[in-house]
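Biologist: Please put the model on the screen. I would like to go through its strands, core and loops with you.

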Amino acid sequence: VQLQASGGGLVQPGGSLRLSCAASGTIASIITMGWYRQAPGKQRELVAIISSGRTNYADSVKGRFTISRDSAENTMYLQMNSLKPEDTAVYSCNALVRSRAFTPAYAYWGQGTQVTVSS
């Protein structure tokens, strides 16, 4: 299973970006998908997670970020609005995937994508 993240870049404060994470490979089901971020000198933190249509967000992004998923395409999105300089970080996607029915699920990580919020 591979996860491919994309959509990062440089944006001014108050701007928007949309991140994508596409899962490929042998996939029977995806149990959860989530976005994490790590800023320089800080620990990685959970940004948002989606599972069975339910979502959870870090307090710092509630009301500004929206996580969604296209199950048919095994793709997850993170719409980021009203971006702040403190949102600057490397954003990585994670998925808990069951490759075949009735087998254990494993966690996979995509490569990070840099988001920089600066004027």
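Modeller: What follows is a set of short questions and answers on this model.

Modeller: This is a predicted model, where local features need pLDDT of at least 70, side-chain atom pairs count only at pLDDT 80 or more, and totals for chains, interfaces and linings use all residues. Residues are numbered from 1 along each chain as its sequence is written, and side-chain values use heavy atoms, with hydrogens and water left out.

Biologist: What is the order of the strands in the open sheet of four?

Modeller: Strands here are DSSP runs of E, at least two residues long, numbered from the N terminus. Two of them pair if DSSP finds at least two bridges between them. In this open sheet the pairing is antiparallel, and the order is 1-3-8-7.

Biologist: Which strands stand at the edges?

Modeller: An edge strand here has a single partner, so one of its sides lacks a neighbour in the sheet. That holds for strand 1 and strand 7.

Biologist: By how many degrees are neighbouring strands of this sheet turned against each other on average?

Modeller: Axes are lines fitted to C-alpha atoms, and angles between N-to-C directions run from 0 to 180 degrees. For this sheet the direction is ignored, and the average is 15°.

Biologist: How many bridges join strand 3 to strand 8?

Modeller: Start with the other neighbour: strand 1 and strand 3 (residues 17-24) run antiparallel and share five bridges. Strand 3 and strand 8 also run antiparallel. One of their bridges pairs alanine 22 with threonine 75. The number of bridges joining strand 3 to strand 8 is six.

Biologist: Which residue of strand 3 is the bridge partner of serine 6?

Modeller: Serine 6 lies in strand 1. Beyond its neighbours within four places in sequence, serine 6 is in contact (heavy atoms within 4.5 Å) with Arg18, Leu19, Ser20 and Thr113. Alanine 5 has cysteine 21 as its bridge partner in strand 3. For serine 6, the partner is serine 20.

Biologist: Which residues form the covered face of strand 1?

Modeller: Strand 1 spans residues 2-6, and its uncovered face holds Gln2, Gln4 and Ser6. Serine 6 has a relative accessible area of 37%, so it is partly exposed. The classes are buried under 20%, exposed over 50% and partly exposed in between, with a 1.4 Å probe and protein chains only. The covered face is Leu3 and Ala5.

Biologist: Which strand gives the largest share of the largest nonpolar core?

Modeller: A nonpolar core is a set of buried Ala, Val, Leu, Ile, Met, Phe, Trp, Tyr and Cys residues joined through side-chain atoms within 4.5 Å. The largest one has 29 residues, and Trp35, Val47, Phe65, Met76, Leu78, Met80 and Tyr91 touch the most other members. Elements giving two or more residues to this core include strand 4 (29-38), strand 5 (45-51) and strand 9 (89-98). The largest share, five residues, comes from strand 9.

Biologist: Is threonine 32 buried or exposed?

Modeller: Threonine 32 lies in strand 4. Outside the four places either way in sequence, threonine 32 touches Ile49, Ile50, Ser51, Asn94, Ala95 and Leu96. Its relative accessibility is 15%, so threonine 32 counts as buried.

Biologist: Over which ring does the charged end of arginine 44 sit?

Modeller: The test needs NZ of Lys or CZ of Arg within 6 Å of the ring centre and within 35 degrees of the ring normal. Arginine 18 lies over the face of tyrosine 77, 4.0 Å from the ring centre. Arginine 44 is also 4.0 Å from a ring centre, and that ring belongs to tryptophan 109.

Biologist: Is phenylalanine 102 buried or exposed?

Modeller: Phenylalanine 102 sits in the loop between strand 9 and strand 10 (106-109). Its phi is near 65°, a positive value in a residue other than glycine. Relative accessibility is 86%, so phenylalanine 102 counts as exposed.

Biologist: What is the phi of serine 82 near?

Modeller: Serine 82 is in the loop between strand 8 and strand 9. At 40% relative accessibility, serine 82 is partly exposed. Its phi is positive in a residue other than glycine, near 50°.
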